[in-house]
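Work through the exercises below with the sequence and the model in view. Each task is followed by a solution in steps.

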Amino acid sequence: SKQIANLAIEAAYQQHSAALMRFLTGILKNEAAAADALQWTFVQLLEKGHDVSVDSFKSWLYRVAFNAAMNQRRRIALENRSVEQIAIWRQRSGRDPSTDQQLRLVDNELQETLRIAIEQLPIAQQQIVIARIVHEKKFAEIAEELNLPLGTVLTRMRTALAKLKQLLNRELT
């Protein structure tokens with residue numbers, strides 16, 4: 001059942017996470033991006049691992065990790081292009097400080113909207129979202145601090161993000 005699945009994921013994490021982290025760091029050349037890809041890999045295991053046969057488990061895990069690394073690489077490249085485009089746009093437009101001030105006001109409004117949405121989550125989910133997003137902790141650290149199985153932490157985060165998406169969609173439309 002669910003508890004057995006969480007134990008299996010915990011065991012898989014204990015057995016494979018260090019090697020997967022080395023594998024991902026080798027691909028991405030960035031430890032933070034590798035850690036994100038590792039977390040994504042175990043989220044996939046949580047969501048789809050029940051369909052994987054024992055014989056192909058390790059190869060499945062590495063394939064998912066590799067795909068996660070490629071997604072991270074694409075995301076990082078996209079973010080870098082966006083930052084470059086903003087820099088070029090600022091340079092060309094000779095933006096005045098009042099525009100910067102307006103952007104800061106919009107950013108503050110969005111942060112306040114997000115804070116209010118997070119406060120509407122159950123406490124158990126709030127703890128995990130705040131630890132992950134505000135304090136930038138890894139899921140394994142959060143699980144250890146809260147004395148919870150990794151699978152439980154990942155499930156609560158996924159559920160919290162789904163709720164936040166609903167709340168923010170309502171708020172921002």
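**Exercise 1. Surface and burial**

How much area does the chain expose, and what percentage of it do carbon and sulfur atoms supply?

Solution. Keep in mind that this is a predicted model. Step 1: the exposed area of the chain is about 11600 Å². Step 2: carbon and sulfur atoms account for 55% of that area. Step 3: turning to burial, 34% of the 173 residues of the chain count as buried, the cut-off being under 20% relative accessible area.

**Exercise 2. Secondary structure and contacts**

State how many helices and strands the chain has, and in what pattern they follow.

Solution. Step 1: there are seven helices and zero strands. Step 2: along the sequence the pattern reads α-α-α-α-α-α-α. Step 3: take the contacts between residues at least 6 apart in sequence; 63% of them join residues at least 24 apart.

**Exercise 3. The largest nonpolar core**

Find which residues of the largest nonpolar core touch the most other members, and which element gives the largest share of this core.

Solution. Step 1: the core holds 43 residues, and Phe-42 and Leu-45 touch the most other members. Step 2: two or more core residues come from each of α1 (2-28), α2 (31-48), α3 (57-93), α4 (97-119), α5 (123-134), α6 (139-146) and α7 (150-172). Step 3: the largest share belongs to α2, with nine residues. Step 4: leaving out residues up to four places away in sequence, Leu-45 touches Ile-9, Ala-12, His-50, Phe-57, Trp-60 and Leu-61.

**Exercise 4. The largest pocket**

Give the volume of the largest pocket and describe the residues that line it.

Solution. Step 1: the volume is about 410 Å³. Step 2: 17 residues line the largest pocket, and Asp-36, Trp-40, Val-43, Phe-139 and Leu-161 are the closest to its centre. Step 3: at least two lining residues come from each of α2, α3, α5 and α7. Step 4: α2 supplies the largest share of this lining, six residues. Step 5: by type, the lining of the largest pocket has nine nonpolar, three polar and five charged residues.

**Exercise 5. The second largest pocket**

Do the same for the second largest pocket: where is its centre, and which element gives the largest share of its lining?

Solution. Step 1: the volume of the second largest pocket is about 330 Å³. Step 2: among its 18 lining residues, Ala-5, Ile-9, Leu-45, Gly-49 and His-50 lie nearest its centre. Step 3: α1, α2 and α7 each give two or more residues to the lining of this pocket. Step 4: the largest share, six residues, is from α1. Step 5: this lining divides into nine nonpolar, seven polar and two charged residues. Step 6: Leu-45 links this exercise to the core, being one of the two residues that touch the most other core members.

**Exercise 6. Two positive phi values**

Locate Lys-29 and Glu-136, and decide why each counts as buried or exposed.

Solution. Step 1: most residues other than glycine have a negative phi. Step 2: Lys-29 has a positive phi of about 55° and is not a glycine. Step 3: Lys-29 is placed in the loop between α1 and α2. Step 4: Lys-29 counts as exposed because its relative accessibility is 67%, and the cut-off for exposed is over 50%. Step 5: Glu-136, also not a glycine, has a positive phi near 55°. Step 6: Glu-136 lies in the loop between α5 and α6. Step 7: Glu-136 has 64% relative accessibility, so it counts as exposed.

Terms used:
Residues numbered from 1 in each chain as written. Predicted model: local features only at pLDDT ≥ 70, side-chain atom pairs only at ≥ 80, totals over all residues. Heavy atoms only, no water. Core = buried A, V, L, I, M, F, W, Y, C linked by side-chain atoms within 4.5 Å. Buried < 20%, exposed > 50% of the residue type's maximum accessible area, 1.4 Å probe, protein only. Helix = DSSP H or I, 4+ residues; strand = E, 2+ residues; numbered from the N terminus. Contact = heavy atoms within 4.5 Å. 1 Å grid on protein atoms, 1.4 Å probe; cavity = no way out; pocket = protein on both sides within 12 Å on 5 of 7 lines; lining within 4 Å. Points joined across faces, edges and corners; volume = space filled by probe spheres on them. Nonpolar A, V, L, I, M, F, W, Y, C, P; charged D, E, K, R; others polar. Areas by Shrake-Rupley, 256 points an atom, 1.4 Å probe, with all protein chains shown as cover.
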